[in-house]
There are 2 protein chains.
Amino acid sequence: MDKAHEVLIRNLSEHTALGPEDVVEIRALTFIQRDFAPSEDFIRQGDVPNVAALVVSGMVARYHLLDSGRRQYLGFHIAGDLPDAQGLFIDQMDHGLSALGPATVAFIPHREMFAAFRRQPTFAFSVWRETLLDASIFREAITNNSARPMQVRMAHLFCELFYRARAAQLVRGNRFHLPISLAQLGETLGMAIATVNRTLAELRGSGTMDLREGELIVLKWRDLQRLGDFTPAYLHLKRQSLP
Amino acid sequence: MDKAHEVLIRNLSEHTALGPEDVVEIRALTFIQRDFAPSEDFIRQGDVPNVAALVVSGMVARYHLLDSGRRQYLGFHIAGDLPDAQGLFIDQMDHGLSALGPATVAFIPHREMFAAFRRQPTFAFSVWRETLLDASIFREAITNNSARPMQVRMAHLFCELFYRARAAQLVRGNRFHLPISLAQLGETLGMAIATVNRTLAELRGSGTMDLREGELIVLKWRDLQRLGDFTPAYLHLKRQSLP
DNA sequence: CGATGGGTTGACTGCACTCAACCAAGGTGG
DNA sequence: CCACCTTGGTTGAGTGCAGTCAACCCATCG
C-alpha cells in the first residue's frame, strides 16, 4: 500500500477538514519516491523547482549556505511535511534541502499539484495553510535565535521538535528519533560547537531531557517547556491539549 | 481615486502576471482604510483574524513579545504589502503588527478574499506567492541574525529594505523613508542598543550609507551590498507567470 | 591498522552586553 | 514663559559570556 499518500492525508487532516473530494485528488497524485542517506542533498540552492517534496519517513533539513562557507539550518521536517511547498511559486530555490538521518522523500510534479488546486480549492487552501505554518515556525526561529539566551534557545528547539513529532505520532514513550549532530545543532541555533556541548550538558544536568544516539528523550516535559520559554500557540495545532 | 486597490494591484503585478479578470476581482474588494500613529498597534498577538491588512502608505512592523518583556521585530512592510496574509488560514495571530512611522492600512474581510480566491485561482496564487516571499524573507532573517557578524548583519538589513523599497518605487534619488529608532534596530537584529549605535557609526564611517531623520541614504550601493553579504535572489523580484 | 567523524574539555581572548552618565530636541503643564 | 519630563541618541568603563583554538577520546570504517 502507498504510504506516501496516507502520510500526506494524515498530516493535512491534522490542520484542515479535508472533504472526500480532496482526498480523491490527493490519492490521484503521482509520487516518485526515493531514499536518501544521512546528509545527502536532494534540492540545492539555485535549483529551479518543478516538483514538490513530501517527507515520507525520517527527517529532512533546510539550510542556507553563505559565501563565507558557513551553513545555517533553517528548520527541520518530519513525516507528512511538505518541506519545499515554499518552492511552489518561486522561480529558483533560495535554500537547499538535505536528509538529516536516512530519509524517504516523495516528489510530486508541480503541474499536477496546480491542476488539483484549481479543481479543489480546499486542497489548495490546506497546502497553503501548511506553508503558513512553516512561516510561523520561521518567525519563531528568528525570535529564538535573536532574543533568547543559549540554554533557553536550545531547550526551545527541543520542545518544538518534540511537540511536532508528538502531533505526528512519531513519539514512542518519551523519545523520538532526532539524528542531529552537535555541529548541526550549532548551525541551527547560531552557536559554536563548544558552546553547544556545554549548553547541552547543562540541559542534561537539569534532568529534563537527554539526547543520545540520535534520540531525544524528554524526561520532564513541563520543566523543559518552562526552561525553553515554549508556548506552542505558534504551531497552530488544532489538538491543543497535551499532558 | 482609490489608492489602496491600485497599490495592491501594482505590488501583485510586480511578481505575477495578473489577468484582467484578476484585476476585476481585486477592484471589487471592500477596503476599510485607517491611519495609524507611529508605534500604534493594529493587530495583537492572540487576535482572531478575520480581515487582511494591506499597507497603503508608510511602514508597518511585525513583532513577537516574549514573556520576559523583550520585543523581537520579525520584519517590515511597505506600501503594497499584505503583512498579515499569514493570518488568512490560522485561528489566532502568533505575532503583532504595528505602524513603524505614521502609516495608512486598508483592511479586507477574509470572507471576500476567500470568495475571490475560489472564483479566480490565479488571484489566490498571486497572494499565496506573496506569503511565500514573506517566508523567504523570514528565512533570510534567521540566517542574518544567527550567522552574520554585527556589521554585516546590519548592512544586510539596510540592503534588503532599500532593495525592496526600490522595487516598490519608494526610493527617491538614493534615499527612502525609514522611520526606525536605534532601539527598534536592536530589537530587529538581536543586538543591544549600545552595539547598534557603535555598529551604525562604523557603517557611516565606511561612507556607504547614512541614516538620518528617519531616512536611509545609500551612498555606495555596491559597497554596501558587499559589506552586507547581500544577494537579492531570495527576494524573487521577477515577474513570473503562474499556472 | 590509520583515518575519520563526532563528542568532550580546558585555556585564553575578545566582542558585545550592561550600566551609567550625558546631551539634544520636543512636548507638556504650571 | 520657563521648568520639567520624555524620548532618542551618544559615549565610556568594566565585565562576562561565548567564540576560538587546541588537545584528546572513542567508535566506526575502509
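## Close-up views of a predicted protein–DNA model

**View 1. The residues around DNA strand D.** In this predicted model, DNA strand D has 13 residues around it, and the closest are A:Ala192, A:Ala194, A:Thr195, B:Ser181 and B:Leu182. Two or more residues of the surface near the strand come from each of these elements: helix H7 (193-205) of chain A, plus helix H6 (182-189) and helix H7 (193-205) of chain B. H7(B) chips in the most, with four residues. Sort that surface by class and you get ten nonpolar, three polar and no charged residues.

**View 2. Helix H5 of chain A, from end to end.** Here's a quick sanity check on H5(A), residues 150-167: its 18 residues at 1.5 Å each should span 26 Å, and the end C-alpha atoms do sit 26 Å apart, so the two agree. Plenty of this helix is buried, including A:Met154, A:Leu157, A:Phe158, A:Cys159 and A:Phe162. The buried set also takes in A:Arg153, A:Glu160 and A:Arg164. After the helix comes A:Gln169, with a positive phi near 60°.

**View 3. The annotated stretch, residues 148-222 of chain A.** An unreviewed UniProt entry lists this span as "domain: HTH crp-type". In the model, 55% of the span is helix and 15% is strand, and its end C-alpha atoms are 19 Å apart.

**View 4. A four-stranded open sheet in chain A.** The strand order is E2-E6-E4-E5, and the pairing is antiparallel. Strands E2 (41-43) and E5 (71-77) form the edges, each pairing on one side only. On average, neighbouring strands in this sheet are turned by 35° against each other, ignoring direction. Zoom in on E4 (residues 60-65) and E6 (residues 96-99) of chain A: these two run antiparallel and are joined by four bridges. A:Tyr63, for one, has A:Gly96 in E6(A) as its bridge partner.

**View 5. Two loop residues with positive phi.** Most residues other than glycine have a negative phi, which makes a couple of spots worth a look. A:Ser39 is in the loop between strand E1 (32-36) and E2 of chain A, with a positive phi near 70°. Over in chain B, B:Glu213 has a positive phi near 50° and belongs to the loop between strands E9 (209-212) and E10 (215-218). Which of these is exposed, and which partly exposed? A:Ser39 has 14 C-beta neighbours inside 10 Å, so A:Ser39 counts as partly exposed. B:Glu213 has 7 such neighbours and therefore counts as exposed; the cut-off for exposed is 12 or fewer.

Terms used
Residues are numbered from 1 along each chain as its sequence is written. Chains are lettered from A and ligands numbered from 1 in the order in which they are written. This is a predicted model: local features need pLDDT of at least 70, side-chain atom pairs count only at pLDDT 80 or more; totals for chains, interfaces and linings use all residues. The expected span of a helix is 1.5 Å times one less than its number of residues. A residue is buried if 20 or more other C-beta atoms lie within 10 Å of its own, exposed if 12 or fewer, and partly exposed in between; C-beta atoms are placed from the backbone. UniProt positions are given in the numbering used here, feature names are shortened, and annotations may be inferred rather than shown by experiment. A residue is near a molecule or strand if its C-beta atom, placed from the backbone, lies within 6 Å of it. Ala, Val, Leu, Ile, Met, Phe, Trp, Tyr, Cys and Pro count as nonpolar, Asp, Glu, Lys and Arg as charged, and the others, Gly among them, as polar. Two strands pair if DSSP finds at least two bridges between them. Axes are lines fitted to C-alpha atoms, for helices over the stretch in contact, and angles run from 0 to 180 degrees between N-to-C directions.
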